[in-house]
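Open your viewer, get the selection panel ready, and follow along one stop at a time. Each stop says what to pick and what you will find there.

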Amino acid sequence: MDVALSRNGRRIMRVFFALVLVFLYAPIAILLVFSFNNADIPAFPLSGFTLRWYHDFIHNGELQAALETSAIVAAISSVIAVALGILASLAVTRSRFRGRGAAISFLLVPLVIPLVVLGISLFLLFHVLGVPLSILTISVGHVVITIPYTILVLLPRLEQIDRSLGEAAYDLGAGPLATFRRVTLPLIFPAVVSALLIAFTTSFDEYAVASFLAGTRETFPIYLYSALRFPTQLPQVIAVAVVVLCASLVVIVAAELWRRRAEARLEAPA
Amino acid sequence: MLALFPGPHGFALGGWYRLFHQGYMSLFWKSAQMSLIVSALVVAAAYPLAYFLALSGTRRKYVLLLLLIAPFMTSYLLRVLAWKVILGDQGVINSALSSLGFHPLSFLLYSRFAVMLVLGYVWLPFVALPIFVTLDTLDRGLLEAASDLYASRWQAFVRVTLPLSMPGVVAAFLFVFIPTVGEFVTPSLVGGSSGYMYGNQIVDLFQQGFPDWETGATLALFLVAVISVLTFVFVRFLRLGEARVA
């Protein structure tokens, strides 16, 4: 006898799980359908197939610029966040100092602060310091938001690594930098890549904090947010949405599968 | 340092006075209620999903988990956009209804209902995760022991599984409650005036025609205070739980 689920219970739960998946993916599927619909307003009945909206957004300069800005911000902030995340994670795994638990909690605090609050406090900070708002201020905001995610990915991986590997490298005359570069980094590499991806996608999609810290250059979410208020732009925005959603789904799934395999390979005895 | 206090006030408690006397508290309660309902419903829906993944012994456990969580990793704004398209007055549901000869439903968009539906949709995949982790690490031997001692499946669930998974449930609840109680993006896109939340008020105090940064900052600080208390209580609860198990 199965102690967790009866046969009927299993059947009901399977149906429920399937229904939830339909609920989660149906809105995305609906966007996909209407991105090819030849009408200015997304409504039933459907009125013929068109690639007009895809054509329009590819030739929309403002949108291209916004995508480019977001890519730059995401690249800057994810590299900085991962670098800081590695340093912080190394610090709390390598040494057992007093207040270590408190330090870890403190590093994760931005996770439980609402984005509005982070946004306005950074905005006030830059205002007081007299720093003009620009791509760099948004990047700083995104570093603050994404550091906890990078730590959540990197810290467990670093703790798995056998400490004696680092000690062996020391014994063989490697300095701390060489040890990091030739021993630690290769072992945590899959986690570094997934931390980078998480930080990049989070930043690329972030609206709340960016809305307070953006200068004159719009990021993609800021562009989207304002486009959502003008119905004439809607079909084009739907087409962009489909491209971005599909691209991110593919990247996420591929990255996760790759990380599993890479870590399994690192664990396997040579 | 003087620049820290914009305006002629210097040190002032006016923001706190206004927080408690100008209807901001009732707006806070309204937002808190909305996100309490959303969090409770979403956790209740996510529990069976996590239970199925962790304990049904399905071989495709991680594939299904990835399938469940993937939407959460994609763009937040775009998922809200999808619902705007679906719920609008001329949207997917209403245009389908009227082409079938029914009256369109006006409460779908720009309402509290819309805000809560979209927030639930956005957070559901993520919430399954912490519950899944606690259930997945649960020792199945405990359930077998309960069964050997003539507990029915239901009794085993109520007396063993549920109590042991409470930390995951409470964490999941907070993971939704904390971001949704301060939410302003979703309500401003699908909420209209009846879905206006506390977070919108904070933003408006900073960005509207007559900005009042002092009051806005006070409102934000109050939000952080409430959330800190909740988080602190949760951490204590976890410690107590660990002490009891040990």
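Before the first selection, one term: two residues are in contact if their C-beta atoms, placed from the backbone, lie within 7 Å. Please also keep in mind that this is a predicted model.

**Stop 1: where the two chains meet**

Colour chain A and chain B separately and look at the contact between them. Chain A gives 48 residues to this contact, and chain B gives 54 residues. On the chain A side, select helices H1 (7-35), H5 (115-129), H8 (176-205), H10 (220-227) and H11 (234-267), each of which supplies at least two of the residues that touch chain B. Highlight H1(A) in particular, since the largest share of that side, 13 residues, comes from this helix. Now colour the side of chain A that touches chain B by residue class: 41 residues are nonpolar, three are polar and four are charged.

**Stop 2: chain A as a whole**

Hide chain B for a moment and switch to cartoon view. Chain A has 11 helices and zero strands, so the pattern from the N terminus on reads α-α-α-α-α-α-α-α-α-α-α. How does the radius of gyration of chain A compare with the globule rule? Chain A comes to 23 Å, well over the 18 Å that the rule gives for 270 residues, so the chain is more spread out than a compact globule. Turn the chain along its principal axes and the C-alpha atoms fill a box of roughly 70 × 70 × 30 Å. Of the 270 residues in chain A, 37% are buried. Among contacts in chain A with a separation of 6 or more, 78% are between residues 24 or more positions apart.

**Stop 3: helix H3 of chain A and two partners**

Select residues 61-94 of chain A, which form helix H3, and add helix H6, residues 135-160. The axes of these two helices come within 6 Å and cross at roughly 40°. That angle makes H3(A) oblique to H6(A). The crossing of H3(A) with H6(A) is right-handed, and the contact has 18 nonpolar, 10 polar and one charged residues.

Now swap H6(A) for H8(A). H3(A) and H8(A) pack with their axes 8 Å apart, at an angle of about 140°. Why is this pair called oblique rather than roughly antiparallel? Only angles over 145 degrees count as roughly antiparallel, so at about 140° H3(A) and H8(A) are oblique to each other. H3(A) passes H8(A) in a right-handed crossing.

To see the contact itself, show side chains on both helices:

- From H3(A), pick Ser70(A), Val73(A), Ala74(A), Ser77(A), Ser78(A), Ala81(A), Val82(A) and Gly85(A).
- From H8(A), pick Val192(A), Ala195(A), Leu196(A), Ala199(A), Phe200(A), Ser203(A) and Phe204(A), which they meet.

By class, this contact of H3(A) with H8(A) has 10 nonpolar, five polar and no charged residues.

**Stop 4: Phe220 of chain A**

Centre the view on Phe220(A), in helix H10 of chain A. Is Phe220(A) buried or exposed? Phe220(A) counts as buried because 26 C-beta neighbours lie inside 10 Å, and the cut-off for buried is 20 or more. Leaving aside residues up to four places away in sequence, Phe220(A) touches Ala66(A), Leu67(A), Ser70(A) and Phe204(A). Try a distance label from Phe220(A) to Ala71(A): the two are 149 residues apart in sequence, yet 8.7 Å apart in space, C-alpha to C-alpha.

**Stop 5: over to chain B**

Bring chain B back. Chain B has 11 helices and zero strands. Its radius of gyration is 22 Å, where a compact globule of 246 residues would be near 18 Å. The C-alpha trace of chain B spans about 75 × 60 × 25 Å along its principal axes, and 41% of its 246 residues are buried.

**Stop 6: two tyrosines in loops**

Most residues other than glycine have a negative phi. Select Tyr110(B), in the loop between helix H5 (92-99) and helix H6 (112-136) of chain B; this tyrosine has a positive phi of about 60°. Tyr110(B) counts as buried, with 21 C-beta neighbours inside 10 Å.

Finish at Tyr150(B), in the loop between helix H7 (140-148) and helix H8 (153-181) of chain B. Tyr150(B) also has a positive phi, about 65°. Tyr150(B) is exposed, with 7 other C-beta atoms within 10 Å.

Note on methods. Residues numbered from 1 in each chain as written. Chains lettered and ligands numbered in written order. Predicted model: local features only at pLDDT ≥ 70, side-chain atom pairs only at ≥ 80, totals over all residues. Helix = DSSP H or I, 4+ residues; strand = E, 2+ residues; numbered from the N terminus. Nonpolar A, V, L, I, M, F, W, Y, C, P; charged D, E, K, R; others polar. Rg over C-alpha atoms; globule rule 2.2 N^0.38 Å. Buried ≥ 20, exposed ≤ 12 C-beta atoms within 10 Å, placed from the backbone. Axes fitted to C-alpha atoms, helices over the stretch in contact; angles between N-to-C directions. Parallel < 35°, antiparallel > 145°, perpendicular 65-115°, else oblique. Left-handed = near helix turned anticlockwise from the far one by under 90°.
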